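Subject: Structure handover

Hello,

Here is the structure I promised. Please open it first, then read the notes below.

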Amino acid sequence: MTEPAVKALAAQAKKGVVCVRSSRVVTGRVGRNVELDDDKLGFVASLGMNPQKARVLLRLALLKTGDVKQIQKYFEEY
């Protein structure tokens, strides 16, 4: 992600918007706290999910909670 994009998403995360990082490449994972400090920025890492699958899981997760840590656990489990 570009630095302006990270700053913009971090600002939204501080407002309570759940931000999930994902990648459109065919292979590879978006690891938690690897490229960025997700804990500090308040992001959720999609791990092995592409953006389409991550969006579906996020929508389902938001039906249950808005807690970023719990949503990250959903991404780790499913």
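A term to begin with: helix angles under 35 degrees count as roughly parallel, over 145 as roughly antiparallel, 65 to 115 as roughly perpendicular, and the rest as oblique. Keep in mind that this is a predicted model.

Now the helix pair. Helix H3 covers residues 51-64, and helix H4 covers residues 68-77. They pack at about 135 degrees, with their axes 10 Å apart. H3 and H4 are therefore oblique to each other. The crossing of H3 past H4 is right-handed. On the H3 side, the contact is made by Ala-54, Leu-57, Leu-58, Ala-61, Leu-62 and Lys-64. H4 contributes Ile-71, Tyr-74 and Phe-75.

Next, the surface. Val-56, Leu-60 and Leu-63 make a nonpolar patch there of about 330 Å². Of these, Leu-60 is found in H3.

Last, the charges. The whole structure holds 4 salt bridges. One salt bridge joins the side chains of Lys-7 and Glu-3, at 3.2 Å from N to O. Both residues lie in helix H1, residues 3-14. Lys-7 and Glu-3 are 4 residues apart, about one turn of the helix.

Best wishes

Note on methods
Residues numbered from 1 in each chain as written. Predicted model: local features only at pLDDT ≥ 70, side-chain atom pairs only at ≥ 80, totals over all residues. Heavy atoms only, no water. Patch = residues over 30% accessible without salt bridge, like charges linked within 9 Å, V, L, I, M, F, W, Y side chains within 5 Å. Areas by Shrake-Rupley, 256 points an atom, 1.4 Å probe, with all protein chains shown as cover. Helix = DSSP H or I, 4+ residues; strand = E, 2+ residues; numbered from the N terminus. Axes fitted to C-alpha atoms, helices over the stretch in contact; angles between N-to-C directions. Left-handed = near helix turned anticlockwise from the far one by under 90°. Contact = heavy atoms within 4.5 Å.
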